[in-house]
Amino acid sequence: MKHQIKPVILSGGAGSRLWPLSRSKYPKQFLPMLGSKSLFTQTLERVSEAYGFQPAMVVANEHHRFIVNEQVAGAGLELDALLLEPVGRNTAPAFAVAALKAAESEADQLLLFLPSDHVILDTPGFHKAVALAADAADAGQLCCFGMTPTRPDTGYGYIASGSALEGVDGAFHIDGFREKPDEATAKDYLAAGDYSWNSGMFLMKASVLLQEFEKLQPAMLEGCRKALASVEADLNFLRMDEAVFSKVPADSVDYAIMEKTDKAAVVPAEFGWSDVGSFSALADVQAADGSGNVTVGDVLLEDAKNCFVSSENKLVTLLGVEDLIVVSTDDAVLVAPKERDQDIKKIVDRLKRSDRIEADFHTTVYRPWGNYRGVAEGDRYQVKEIEVYPGKRLSLQKHHHRAEHWVIVEGSAIVTRDDEELLLSENESVYLPLGAVHRLSNPGKINLKLIEVQSGSYLGEDDIVRLEDDFNREVDK
């Protein structure tokens, strides 16, 4: 890579159109939607130092901070910075804050803005397009990547290419942005040949982007300056003050900057891209059987056509149906016609209005020390499987309303119980009475697994009084 390019990975989305696989507290970018690695990890590896890129900056939802850390460490990579958004303000403020942060070190830093949840099948082709876009950005353009359409898709915005960009073969001025079209208009765009899908990926100089913000969105830029000035370091996180950041006007970078600037350019490209924004899009990047079905997990089909079927942990069978989406997890089942996959977020909206936990959490809940999964629940009791990573420990804590009984299934544990410290191995157990100050640690080299039985008058996760915590957390509800 002849240019020095800093990737900026945007990881604030909730992936609501892929519910129930994706939940707001553990959304699609952190899931292995295609292959064994998460989309977030694949994105990081695609723009790693191994390919000549500078260490990446990540802009993430504050709720996902520990998941980001875990997956970055799992990939064996290091970040330049991890900026936390306390509230969502859409993409334009994220771009501005990242550019302001990068400009502290290098005013003309080339920034490659990438969503964390996209699939790219042709990595060399992607790198070739990045090199071309870097030439355009070096010439002072705000460059986006336009994906060559393969069908008249109504789920994407479109970019109309204008005249060729002088001195950069393969890049074009942008004649205009088009909203998501109806089917007839999408067919016209496809036939015209000079339209491309707006991928949401951009490459530009920090200085040029900030100049355009100053000209087109001065109030937003000033709000972002204040937000960046409010940053407090917490572990390796850069945490912006919620009261300050929430005052920044919310808008997408397309509306706020790209549709108004006279410096917009596009590089049309093909490198096996998908935003995986729906189950239909997820099916498109996977191999189908002779009847057009894509299946994941334990699935049996009889006389079914053009279906997407995913099962996490049980046999799912379909008979004599066509064009369906069927997704089964351990706590929810979705059945929908393929043509309605853009409306799945309406289900999520209803779940949220009803305060249903299924909108936000999987039954497996991830924490910085490991994870837990609900196994059984009844009046005044619940049972969980708990997994603690090597070298990690939970907070020193107590509960006002419940007692706990731990049974070690695999690995070894150090248990603090008031003034005692106990070393437990497989098949050993410990009782923690109500009010006991306790802590669980994994001193071993393999994951610690145990069964926890809780009993008491109230069993919510907010009945935790943290006395010490390695991760500087308040109670995560």
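**Close-up 1. Strand β1 and its partner β4.** In this predicted model, strand β1 runs alongside strand β4 (residues 110-115), and the two pair in the parallel sense over 6 bridges. To find your way between them, look for Pro-7, whose bridge partner in β4 is Leu-112. Strand β1 spans residues 5-11, and 7 of its 7 residues are buried, so the strand is largely enclosed by the rest of the structure. Ile-5, Pro-7, Ile-9 and Ser-11 point one way from β1, while Lys-6, Val-8 and Leu-10 point the other way. This fits a general pattern: in a regular strand, side chains alternate between the two faces of the sheet.

**Close-up 2. From β1 over a helix to β2.** Strand β1 also pairs with strand β2 (residues 57-61), and 4 bridges join these parallel strands. Here Ile-9 of β1 stands opposite Val-58 in β2. Between the two strands the chain passes through helix α1 (residues 39-46), making a right-handed β-α-β crossover.

**Close-up 3. Helices α1 and α2 crossing.** Now follow helix α1 to where it meets helix α2 (residues 65-74): their axes come within 10 Å and cross at roughly 50°. The two helices are therefore oblique to each other, and α1 passes α2 in a right-handed crossing. On the α1 side, Phe-40, Thr-41 and Leu-44 make the contact, and on the α2 side Val-68, Gln-71 and Val-72 do.

**Close-up 4. An open sheet of 4 strands.** In this sheet the strands come in the order β14-β16-β18-β19, with mixed pairing. At the edges stand β14 (294-296) and β19 (333-337); each has a single partner strand, so one side of each is left without a neighbour in the sheet. Neighbouring strands here are turned by 5° against each other on average, direction ignored. For a closer look, start with β14 and strand β16 (residues 308-311), which pair in the parallel sense over 3 bridges. Val-294 stands opposite Phe-308 of β16.

**Close-up 5. Leu-459 in its loop.** Leu-459 lies in the loop between β29 (448-456) and β30 (465-468). Is this residue, at 15% relative accessibility, buried or exposed? Buried means under 20%, so Leu-459 counts as buried. Beyond its neighbours within four places in sequence, Leu-459 is in contact with Arg-380, Tyr-381, Gln-382, Arg-402 and Gln-454. Look also for Asp-379, which is 80 residues apart from Leu-459 in sequence and 9.9 Å apart in space, C-alpha to C-alpha.

Key
Residues are numbered from 1 along each chain as its sequence is written. This is a predicted model: local features need pLDDT of at least 70, side-chain atom pairs count only at pLDDT 80 or more; totals for chains, interfaces and linings use all residues. Side-chain values use heavy atoms; hydrogens and water are left out. Buried means under 20% relative accessible area, exposed over 50%, partly exposed in between (1.4 Å probe, protein chains only). Two strands pair if DSSP finds at least two bridges between them. A crossover is right-handed if, with the strands pointing away from the viewer, the path from the first strand over the helix to the second runs clockwise. Axes are lines fitted to C-alpha atoms, for helices over the stretch in contact, and angles run from 0 to 180 degrees between N-to-C directions. Angles under 35 degrees count as roughly parallel, over 145 as roughly antiparallel, 65 to 115 as roughly perpendicular and the rest as oblique. A crossing is left-handed if the near helix is turned anticlockwise from the far one by less than a right angle, and right-handed if clockwise. Contact means heavy atoms within 4.5 Å.
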